[in-house]
Amino acid sequence: MRLRGARSGREYADMLPNAAFRTIDSSGHDITHDQPARYRELVTSFLRGRISP
């Protein structure tokens, strides 16, 4: 499967059990650089079970 932005991310999330897909406004390809606080918030919430698929 060739990656094509948010659509591909959604397709992967739909295929993977327990995956969660979120888009981040004002972020490009590197969310860890573009929106580091939002990235940490989402990853931490997912790992703690606060974000469900």
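Hi everyone. A quick definition to begin: helices here are DSSP runs of H or I with at least four residues, numbered from the N terminus. With that in hand, let's walk through this one, and please keep in mind that the model is predicted.

First, the overall picture. The protein has three helices and zero strands, so the pattern is α-α-α when we read along the sequence. The C-alpha trace spans about 30 × 25 × 15 Å along its principal axes. Of the 53 residues in the protein, 15% are buried.

Let's go to the largest pocket. How much space lies in it? About 710 Å³. The lining of this pocket is made by 23 residues, and those nearest its centre are G9, F21, R22, T23 and I31. Which helices each supply at least two residues of that lining? They are helix 1, covering 5-15, and helix 3. Helix 1 gives the most, with six residues. If you sort the lining by class, you get 14 nonpolar, seven polar and two charged residues. For anyone who likes the picture behind this kind of search: rolling a probe the size of a water molecule over the atoms shows where empty space is left.

Now over to helix 3, which runs over residues 36-47. A search of the whole structure turns up one salt bridge. Which residues make it? The side chains of E41 and R38 do, at 2.9 Å from N to O. The cut-off for a salt bridge is 4 Å, so a separation of 2.9 Å falls within it. In general terms, side chains of opposite charge can pair when their charged atoms come close. Why are these two residues about one helical turn apart? Because E41 and R38 sit three residues apart in helix 3. As for exposure, E41 is partly exposed with a relative accessible area of 44%, and R38 is also partly exposed, at 33%.

While we are looking at helix 3, have a look at F46, which lies in that helix. F46 is partly exposed, because its relative accessible area is 36% and that class runs between 20% and 50%. F46 also belongs to a nonpolar surface patch, made together with Y39, V43 and L47. The area of that patch is about 360 Å².

Next, the backbone, and the loop between helix 1 and helix 2, where helix 2 is 31-34. Two residues there are worth a look. N18 lies in this loop, and its phi is near 65 degrees, a positive value in a residue other than glycine. S26 is placed in the loop between helix 1 and helix 2 as well, and its phi is near 60 degrees, again positive in a residue other than glycine. Are they buried or exposed? N18 counts as exposed because its relative accessibility is 60%, and S26 counts as exposed because its value is 66%; the cut-off for that class is over 50%.

Last stop: I51, found in the segment after helix 3. Its relative accessibility is 15%, so I51 counts as buried, the limit being under 20%. I51 and E11 are 40 residues apart in sequence. And how far apart in space are they? From C-alpha to C-alpha, I51 and E11 are 18 Å apart.

That's my tour. Thanks for listening, and I'm happy to go back to any part of it.

Terms used. Residues are numbered from 1 along each chain as its sequence is written. This is a predicted model: local features need pLDDT of at least 70, side-chain atom pairs count only at pLDDT 80 or more; totals for chains, interfaces and linings use all residues. Side-chain values use heavy atoms; hydrogens and water are left out. Patches are made of residues with over 30% relative accessible area and no salt bridge: like charges are joined within 9 Å, nonpolar side chains (Val, Leu, Ile, Met, Phe, Trp, Tyr) within 5 Å. Accessible areas come from the Shrake-Rupley method with a 1.4 Å probe; for residues, only the protein chains shown count as cover. Buried means under 20% relative accessible area, exposed over 50%, partly exposed in between (1.4 Å probe, protein chains only). On a 1 Å grid over the protein atoms alone, a cavity is a set of points where a 1.4 Å probe fits but cannot get out, and a pocket is an open set with protein on both sides within 12 Å along at least five of seven lines; lining residues have an atom within 4 Å of a point. Grid points are joined across faces, edges and corners, and a volume is the space filled by probe spheres set on the points. Ala, Val, Leu, Ile, Met, Phe, Trp, Tyr, Cys and Pro count as nonpolar, Asp, Glu, Lys and Arg as charged, and the others, Gly among them, as polar.
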